[in-house]
Amino acid sequence: MPEQVLFTPAAIQEPWGQQILARIESLHLPIEILPHNRLTGLRGDNERETYQISKRTLAVVTAPPSSFKLSPIPPSADWQFHLAEGCPAHCQYCYLAGSLQGPPVIRAFANLPQTLANLGGYERVGEATSFEVSCYTDPLGIEHLTGSLAECIRYFGTREDGYLRWVSKFDAVEALLDLPHNGHTRCRVSVNAAPVSMRFEGGTAPVAARLQVLRKLALPRTRGGGGYPVGVVIAPIMPIADWELHYTQLLDSISTALDFDGDLTFELITHRFTPGSKETLLEWYPQTKLEMDESTRKVKRNKFGGTKYVYETDIMKQLRSFFERELSRRFPQAKLLYWT
């Protein structure tokens, strides 16, 4: 629950903004209607204080015109779109660190209907086209405040060729179970080994709760579930002490939770960081024990010249061999979408 909710004038004029306002009012949260469409007053005396103020704030704004020109996001999906930017969790390896401009306030977009109407132009007729909505936020973490994820699921349930993908570390899915998704939404949870999740994933639901949520979403409607296609994202994978033991225990837990046939995928993502994300994360979490030692890493460059630090080749081979072997043994019908 945010400590303050800010609405810009443009957002309050949107019909979807009015629906978000009604939700916020029903939760009796403090609301401020800003005099202009800029967010101000969120900076503290240092980056850590700015982070704390921002993470306690929900700002309801309108998505900028640039958001209507979608970007591809391989290997996760064909395209990405956004119902919000910023996340209420406190993961010390945060993927958003350094990638969004300004303080890390959670910005929910009030012009969602326009965003959804824009997606049709990106669908390939007669061919499945996937859309990822979790790149810049955890949509389930703010769903009780916005209702936007449910609206996206309803929209994709009406599409011929469009498919929605979202992932979360939260567990409040009851309102999603009965939605008419028609198999066009894949719900995923992000999980990790206990030493990683307990140390670095603050403010999230416990891994056990996330897996029970995945079970609820995947169970057929005849058994009280949502009947959704589902997925497990194991990320960020780290070669911590006794990593094989801890990740074996995690895979055991996944097996127990998903002890029935269903449409299941896996995505495996190893830990990596950039110079910019490391700098931001150390400002946000100055006492973090997260390993970000460039001297033990391999440099990887993207096509735009950006630099990221990934694990050395031998470590990556060990990790990949373990997960591919264990997943094929435990989940022979599941599809491993990618390793990175």
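Let's start with helix H11, residues 313-330 of this predicted model. Its 18 residues should span 26 Å at 1.5 Å a residue, and the end C-alpha atoms are indeed 26 Å apart, so expectation and model agree.

Now look at which side chains H11 tucks away. Met316, Leu319, Phe322, Phe323, Glu326, Leu327 and Arg330 are buried. Viewed down the helix axis, the buried residues stay within an arc of 135°, which means they line one face of H11. The general pattern behind this is simple: an α-helix makes 3.6 residues a turn, so positions three or four apart point the same way. Turn to the face of H11 that looks away from the buried side and you'll find the exposed residues Asp314, Lys317 and Arg329.

What sits over the buried residues of H11? The cover includes helix H9 (243-257) along with strands S13 (230-237), S14 (264-270), S16 (307-311) and S17 (335-339).

Next, head back along the chain to an open sheet. Five strands make it up, in the order S2-S1-S3-S8-S6, and the pairing is mixed. Strand S2 (31-33) and strand S6 (84-85) are the edges, each pairing on one side only. Further in, S3 (residues 57-61) and S8 (residues 106-109) run parallel and are joined over four bridges. If you want a specific spot to zoom in on, try Val60, whose bridge partner in S8 is Ala108.

This sheet has a helix packed on it as well: H3 (residues 47-55) touches strand S1 (4-7), S3 and S8. The direction of H3 makes about 65° with that of S3.

How values were computed: Residues are numbered from 1 along each chain as its sequence is written. This is a predicted model: local features need pLDDT of at least 70, side-chain atom pairs count only at pLDDT 80 or more; totals for chains, interfaces and linings use all residues. Side-chain values use heavy atoms; hydrogens and water are left out. Two strands pair if DSSP finds at least two bridges between them. Helices (H or I, at least four residues) and strands (E, at least two) are DSSP runs, numbered from the N terminus. Contact means heavy atoms within 4.5 Å. Axes are lines fitted to C-alpha atoms, for helices over the stretch in contact, and angles run from 0 to 180 degrees between N-to-C directions. The expected span of a helix is 1.5 Å times one less than its number of residues. Buried means under 20% relative accessible area, exposed over 50%, partly exposed in between (1.4 Å probe, protein chains only). The arc is that of the directions from the helix axis to the C-beta atoms.
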